[in-house]
Amino acid sequence: MPVRLLLCLALLACSVAHCQETQVPSANSGAQNATQSGTVGAPASDGRAIFVLRCAKCHGFRGEGVSGVVSIGGPNIQAVHDPGDVLWAMEVGPSHMPQFPYILSVPQMRAVADYVTKNLAAIPLGGGDLTEGGRLFRRECAPCHQPSVRGGALAFNGINAPALTGKSAAIVAGAIRWGPGPMPAFPPSVLSDQQLNSIVRYVEYVQQPPAPSGTPMNWLGPVAEGFAGWIGLFSLLGFAVWIEWGGTG
Ligand code: HEC
Ligand code: HEC
């Protein structure tokens, strides 16, 4: 136990140190001239410059995603087509993404949202066939993410394949093409755009499954429900016996 704690602390220290290191974005190619003046100076209309300065270190310069096991990273966002979704992410800061309303002005956020959805959105989203999606998911994804999309099975390198509940369609589509961390990437030669969209549709469907018998009980299934039923029954029995004995503990 203390060893694990130490390890955790060490990891934490590393990641903090790394964060500070990466504060200065190592923007390459033509990005420098645009970023020198920082956000305040960046013209509100230059969505690309703001993206390079503020977003690329986590999402990659083309929005292709950056895997970070110890350090920071962000998902592939090439399937985000709605500027409103980008604005939402900047406002809310999902997972460990920072919130931007105090860093960027509204026109700046709009410009980035435009840039992301017009220039980076390379993965078409929409359509898809539920049945095909289920078949493909069981074959390509379930070995790691489990058929019910609730994740948990051990993947390579000891990194857990996460539950896919709460992941937006864009995140799922992006992950398929990108392959974060130990997850394999599925390029169009392996899964066509149509097949990708079928999987996305299936994941969206299982994210809200119809509960098989009343209360879902964390979707542990009918066995767990039956088990809970028995516990309830036995405690009632115990209570009855207690009353029978006069109700004095
Ligand atoms: C410190 C790393 C980091 C930075 C910087 C960052 N993001 Fe993110 N971003 C994330 C993470 C982590 C997620 C959530 C991943 C998930 O839900 O699985 C995310 C999610 C998103 C999403 C997808 C939301 C969804 O669920 O569909 C969009 C769009 C996005 N970011 C845009 C941006 C933009 C634009 C910027 C720059 C203004 C930015 N991000 C800066 C890490 C970052
Ligand atoms: C070899 C095991 C493996 C397979 C196969 C696999 N995944 Fe993953 N997946 C992972 C692991 C591990 C992660 C976590 C990666 C990380 O956190 O760096 C992950 C992460 C994800 C994420 C979260 C991305 C994010 O930014 O939050 C999604 C969505 C996802 N996988 C969907 C899928 C889909 C859809 C398939 C099938 C086409 C699939 N995965 C196939 C292991 C796998």
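Q: At what angle do the axes of helix α4 (residues 47–54) and α7 cross?

A: Two packed helices are described by the angle between their axes and the distance between the axes. In this predicted model, the axes of α4 and α7 come within 8 Å and cross at roughly 90°, where axes are lines fitted to C-alpha atoms, for helices over the stretch in contact, and angles run from 0 to 180 degrees between N-to-C directions. The two helices, α4 and α7, are therefore roughly perpendicular to each other, a word that covers angles of 65 to 115 degrees. Helices are DSSP runs (H or I, at least four residues), numbered from the N terminus.

Q: Which residues make the contact?

A: Residues are in contact if their C-beta atoms, placed from the backbone, lie within 7 Å. Here Gly47, Arg48, Ile50 and Phe51 of α4 meet residues of α7 including Ala111, Val112 and Tyr115.

Q: Where does ligand 1 lie with respect to domain 1 (25–120) and domain 2 (130–207)?

A: Domain bounds come from an automatic or database domain assignment. Both domains give residues to the shell around ligand 1, so the ligand lies between them. The shell counts residues whose C-beta atom, placed from the backbone, lies within 6 Å; 26 residues surround ligand 1, with Cys55, Cys58, Gly74, Ala89 and Met97 the closest. The largest share, four residues, comes from α6.

Q: How should the numbering and the confidence limits be read?

A: Residues are numbered from 1 along each chain as its sequence is written, while chains are lettered from A and ligands numbered from 1 in the order in which they are written. Local features need pLDDT of at least 70 and side-chain atom pairs count only at pLDDT 80 or more, whereas totals for chains, interfaces and linings use all residues.

Notes. Angles under 35 degrees count as roughly parallel, over 145 as roughly antiparallel, 65 to 115 as roughly perpendicular and the rest as oblique. Two residues are in contact if their C-beta atoms, placed from the backbone, lie within 7 Å.
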